[in-house]
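Here's a quick briefing to read with the model open in your viewer. It goes through the helices, a few single residues and the backbone oddities.

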Amino acid sequence: VSQRHERKPFVPVNVVRELRREEATEEEIISLRSVEIKQLKKRFPADKLETLPRVDEKDLFDLKFSSSDPDWPYDVKVFELEISFPAKYPLQRLEITLPEEQNLPETVRRYVEVTIQEWIEEREQQDIKRGVIAMVFRPFLRWLDKNLEDIVTEGLKQLQRELMAKAAGLEFI
């Protein structure tokens, strides 16, 4: 006699990605933060993502990020990102920096980091205008993957301008 198991139909869980700013409870904010961190850990293998010790109630991660573009034109293929999820993220801003120990000229590293920070600030302002609190890490990764080549190219142009100015006897401060 064979046993027949009935399968329950698969129902995708609709993960809430944003909350109304004025209605969000502390528990909902904590839940969004938890989902974002779990998804980060699930998405990247241990050789690409390192969990760092917590500092000031911030969860810190070191991510080795590479463009998915098969025609990536630059020698530098891996960018190290230090990601910080504050205790009240996404109510508080996500912080992403590029540690100085990169295989990049400092001007390019700084340009990439400032461009990332500008995107995060702009996204936060859009969410405030819309009256929502939203998870921004995954949209950030999509944006970075799509725009990294242009950002690095602009950073290299900035470096070239600095080198030309220096050769002409000028110095940027």
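Let's start with a helix pair: α1 and α3 are oblique to each other, since they pack at an angle of about 45°, with axes 10 Å apart. Keep in mind that this is a predicted model. Overall, the protein has three helices and six strands, and along the sequence they come in the pattern β-α-β-β-β-β-α-β-α.

**How α1 meets α3**

- Helix α1 covers residues 26-43 and helix α3 covers residues 137-167.
- On the α1 side, the contact is made by E36, Q39, L40 and R43, and on the α3 side by F137, R138 and L141.
- Sorted by class, that contact has three nonpolar, one polar and three charged residues.

**The two sides of α1**

- The length of α1 checks out: its 18 residues should span 26 Å at 1.5 Å a residue, and the end C-alpha atoms are indeed 26 Å apart.
- Which residues of α1 are buried? They are I29, L32, R33, E36, I37, Q39 and L40.
- These buried residues cover an arc of only 160° around the axis, so they sit on the same side of α1.
- As general background, an α-helix has 3.6 residues a turn, so residues three or four places apart point the same way.
- E27, K38 and K42 are exposed, on the face of α1 turned away from its buried side.
- What do the buried residues of α1 pack against? The partners are β1 (18-20), β2 (49-55), β3, β4 (79-85), β6 (132-134) and α3.

**L63, in a strand**

- L63 belongs to strand β3, which runs over residues 58-65.
- Is L63 buried or exposed? With 0% relative accessibility, L63 counts as buried, because the cut-off for buried is under 20%.
- Setting aside neighbours within four places in sequence, L63 is in contact with F44, K48, L49, F79, E80, L81, I83, F137 and L141.
- One of those, I83, is 20 residues away from L63 in sequence, yet the two C-alpha atoms are 7.4 Å apart in space.
- F137 and L141, both on that contact list for L63, also take part on the α3 side of the contact with α1.

**Helix α2 and its R109**

- With 25 residues, α2 reaches 36 Å from its first C-alpha to its last, close to the 36 Å expected at 1.5 Å a residue.
- The buried residues of α2 are T107, V108, R109, V112, E113, T115, I116, W119, I120, R123, E124 and D127.
- The cover over those buried residues of α2 includes β4, β5, β6 and α3.
- R109 lies in α2, which covers residues 106-130, and its relative accessibility is 5%, so R109 counts as buried.
- Beyond its neighbours within four places in sequence, R109 is in contact with L98, P99, E100, Q102 and L104.

**D150, on α3**

- D150 has its place in helix α3, and with 51% relative accessibility it counts as exposed, because the exposed class is over 50%.
- D150 and V112 are 38 residues apart in sequence, with their C-alpha atoms 9.9 Å apart in space.
- V112 itself is one of the buried residues of α2.

**Backbone spots to look at**

- For context, most residues other than glycine have a negative phi, and most peptide bonds are trans.
- Where is P90? P90 is in the loop between β4 and β5 (95-97), and the peptide bond leading from Y89 to P90 is cis, with omega near 10°.
- D56 has a positive phi of about 50° although it is not a glycine, and its place is the loop between β2 and β3.
- D56 counts as exposed because its relative accessibility is 69%.
- E57, found in the loop between β2 and β3, has a phi near 60°, a positive value in a residue other than glycine.
- At 55% relative accessibility, E57 counts as exposed.
- G131, just after α2, takes a positive phi of about 75°.

**Whole-chain numbers**

- Of the 173 residues in the protein, 37% count as buried.
- Taking contacts between residues at least 6 apart in sequence, 57% join residues at least 24 apart.

Notes
Residues numbered from 1 in each chain as written. Predicted model: local features only at pLDDT ≥ 70, side-chain atom pairs only at ≥ 80, totals over all residues. Heavy atoms only, no water. Axes fitted to C-alpha atoms, helices over the stretch in contact; angles between N-to-C directions. Helix = DSSP H or I, 4+ residues; strand = E, 2+ residues; numbered from the N terminus. Parallel < 35°, antiparallel > 145°, perpendicular 65-115°, else oblique. Contact = heavy atoms within 4.5 Å. Nonpolar A, V, L, I, M, F, W, Y, C, P; charged D, E, K, R; others polar. Buried < 20%, exposed > 50% of the residue type's maximum accessible area, 1.4 Å probe, protein only. Expected span 1.5 Å × (residues − 1). Arc of directions from axis to C-beta.
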